[in-house]
Structures are given as structure tokens and as C-alpha cells.
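Please read the paragraphs below with the sequence and the 3D view side by side. They go from the overall fold to a pocket, a surface patch and a few single residues.

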Amino acid sequence: MPRLKVEHTFSCESDVKKRQWITDNFPDLPCLFGDIQELPTGTAFNYITGKAAQVPPVDIFIAGFVCKSVSLENNERKKYANCIIEACGLTGITFQGMIQYVQQFQPAVVICENVEGL
């Protein structure tokens, strides 16, 4: 039976400690971007090379985004009810960046991870 070949093309993470975890665990990763809002522009800062790089298209796009504001565990979540629609707060901004990448590059498969409250 043929095996599916999957290549980790890039990651995008704004948190410095999480970027370090990614580079520690994926030492051959060619691109590590920091600002998801840069991805749809086609060029973003690559923390691995220290230079701007072309954002590559992918066939499978797996994304998670900030979820604290919409989590069922957040007692103030009603304040953030429109954060996705309005692209505000960290949840809305990261979700919007993800959607814009998908619209620009049109991967065949998109998998989003988040909380039930969304």
C-alpha cells in the first residue's frame, strides 16, 4: 500500500517560547513565521533565516488560533461574541489571518483546531 508523504513546510507562531519549542522539535523546518497576518501577503519574516521569505502554498493547512476569549471556561466570553466576525482581539486577528491565507493560497484540505465555545 502506498504511503502518504507529508512534509512540514512551515509553522507560524507569535510567541517566542513556542517558536523555540518548534525549532527544538523540528530542526529541519525551512520556515518559521511569527505574524499570521503577514502570511496572505505572500512574504513574511522567517525566524529561521532571519530574513523575509516567500510564504509557500501547501496542500494541507492545519491551524489553531487563540481561543481564550471564546472558551466556555471564560466567564467574560459574551464580551467577545463578535470577535471572529469583527476580526478583533487575538482570537479574531489570528482567525482572520488564517482565513486570509486559505483564501489566498487555497489549500485542498484545511483543518482548524479550537474550543467548543467557538
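Helices and strands here are DSSP runs, numbered from the N terminus, with at least four residues for a helix and at least two for a strand. By that rule Ile62 belongs to strand β5. The model is a predicted one.

The protein has three helices and six strands. Read from the N terminus, their order is β-α-β-β-β-β-α-α-β. The C-alpha trace covers about 45 × 40 × 25 Å along its principal axes. Of the 118 residues in the protein, 33% are buried.

Next comes the pocket. The largest pocket has a volume of about 1,200 Å³. Its lining is formed by 36 residues, and those closest to the centre are Ser11, Cys12, Ile62, Ala63 and Gly64. Four elements each supply at least two lining residues: β1 (10–12), α1 (16–25), β5 (60–64) and α3 (89–105). Strand β5 gives the most, with five residues. By residue type, the lining of this pocket consists of 20 nonpolar, eight polar and eight charged residues.

Strand β5 also takes part in a feature of the surface. Leu4, Val6, Ile60, Ile62, Val109 and Ile111 make a nonpolar surface patch of about 610 Å². Two elements, β5 and β6 (109–113), give two or more residues to this patch.

Ile62 therefore deserves a second look: is this residue buried or exposed? Its relative accessibility is 63%, so Ile62 counts as exposed, the cut-off for that class being over 50%. Ile62 is thus a member of the nonpolar patch and is also among the residues closest to the centre of the largest pocket.

Two loop residues complete the tour. Gln106 sits in the loop between α3 and β6. What is notable about the phi of Gln106? The angle is near 45 degrees, which is a positive value in a residue other than glycine. Gln106 counts as exposed because its relative accessibility is 63%.

Pro40 is in another loop, the one between β2 (31–33) and β3 (43–46). With a relative accessibility of 15%, Pro40 counts as buried, because buried means under 20%. In sequence, Pro40 is 53 residues apart from Ile93. In space, the C-alpha atoms of Pro40 and Ile93 are 13 Å apart.

Technical notes:
Residues are numbered from 1 along each chain as its sequence is written. This is a predicted model: local features need pLDDT of at least 70, side-chain atom pairs count only at pLDDT 80 or more; totals for chains, interfaces and linings use all residues. Side-chain values use heavy atoms; hydrogens and water are left out. On a 1 Å grid over the protein atoms alone, a cavity is a set of points where a 1.4 Å probe fits but cannot get out, and a pocket is an open set with protein on both sides within 12 Å along at least five of seven lines; lining residues have an atom within 4 Å of a point. Grid points are joined across faces, edges and corners, and a volume is the space filled by probe spheres set on the points. Ala, Val, Leu, Ile, Met, Phe, Trp, Tyr, Cys and Pro count as nonpolar, Asp, Glu, Lys and Arg as charged, and the others, Gly among them, as polar. Patches are made of residues with over 30% relative accessible area and no salt bridge: like charges are joined within 9 Å, nonpolar side chains (Val, Leu, Ile, Met, Phe, Trp, Tyr) within 5 Å. Accessible areas come from the Shrake-Rupley method with a 1.4 Å probe; for residues, only the protein chains shown count as cover. A salt bridge is a side-chain nitrogen of Lys or Arg within 4 Å of a carboxyl oxygen of Asp or Glu. Buried means under 20% relative accessible area, exposed over 50%, partly exposed in between (1.4 Å probe, protein chains only).
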